[in-house]
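Okay, thanks for squeezing me in. Let me put the structure up, and then I'll walk you through a few spots.

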Amino acid sequence: MTLVHFLLLLFLIVCAIFVGRTRDLISAAIVFSAYSLTMALLWQQLASPDVAITEAAIGGGVTTLLLFAAISRTRRME
Amino acid sequence: MRDIIVQVVARMMIPYLQLYGLYIILFGHNSPGGGFAGGTVIASSLILYVLAFGIDDEDLRLSGSVARVIESCGALAYVGIGLAGIFLGANFLSNKGAGFPLGIPGRFLSGGTIVLLTISIGLKVASTMITLFTNLAEKEKEEE
């Protein structure tokens with residue numbers, strides 16, 4: 001476990017807590033995308049590149065777009 | 001809302017995104033990746049195209065009926081390849097037991113039916129993602 005892993009895990013925890021606590025749904029979606037990209041890096045470091053590709057494509061791309069589409073149909077603030 | 005920077009960047013990025021998605025799908029049996037991840041990458045490139053060049057334009061985006069046909073074709077191809085194993089005298093989705101040629105491991109033409117299976121999964125996942133996004137994002141015309 002190197003320093004980079006520790007920093008990535010710390011960033012992951014900070015992102016997760018922020019997503020749970022913020023009231024602005026658009027910033028929650030963006031930070032959730034950052035969470036997914038960090039998670040993809042961690043999956044790659046855990047020697048599972050297949051999951052990393054899927055996590056980057058689903059979490060960073062499509063889920064964020066679907067969340068934005070859902071927010072545009074409802075309201076922004078929780 | 002049309003933005004020239006978004007349009008130029010999308011025009012530069014979309015071919016590489018689609019090439020990467022095709023690579024992930026076609027080499028899913030030799031290297032990391034597969035139908036699900038590659039189909040998602042292709043779908044996100046098409047969603048980027050729709051977002052950059054106008055979501056309200058009916059001519060630009062993949063219409064719902066075409067996406068539905070592609071989705072059904074992907075699922076039917078998967079089931080058909082699976083049933084081919086039964087008709088050749090083995091179990092559902094059986095590969096070597098049904099007599100499909102396996103080829104040399106590591107080459108592109110290897111693994112029997114796995115290439116066809118990943119291609120059909122990729123078609124289905126890509127069209128499903130596009131349908132999900134356009135159904136959520138388009139303006140409600142029926143409700144007015």
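When I say buried, I mean under 20% relative accessible area, exposed is over 50%, and partly exposed is in between, with a 1.4 Å probe and protein chains only. So A:Ala47, at 66%, is exposed. This is a predicted model, where local features need pLDDT of at least 70, side-chain atom pairs count only at pLDDT 80 or more, and totals for chains, interfaces and linings use all residues. Residues are numbered from 1 along each chain as its sequence is written, chains are lettered from A and ligands numbered from 1 in the order written, and side-chain values use heavy atoms, without hydrogens or water.

Back to the backbone. Most residues other than glycine have a negative phi. A:Ala47 isn't a glycine, yet its phi is positive, about 65°. In chain B, B:Leu93 also has a positive phi, near 65°, and B:Leu93 is partly exposed at 29%.

Now helix H2 of chain B, residues 35-53; helices here are DSSP runs of H or I, at least four residues, numbered from the N terminus. How far apart are its end C-alpha atoms? They're 27 Å apart, which agrees with the expected span of 27 Å for 19 residues, taking 1.5 Å times one less than the number of residues. Of those 19 residues, 14 are buried, so H2(B) is largely enclosed by the rest of the structure. Right after H2(B) comes B:Gly54, with a positive phi near 105°.

Last, cysteines. A:Cys15 is buried at 5%, while B:Cys73 is partly exposed at 45%. Disulfides, meaning cysteine sulfur pairs within 2.5 Å, number zero over all chains.

Terms used
Helix = DSSP H or I, 4+ residues; strand = E, 2+ residues; numbered from the N terminus.
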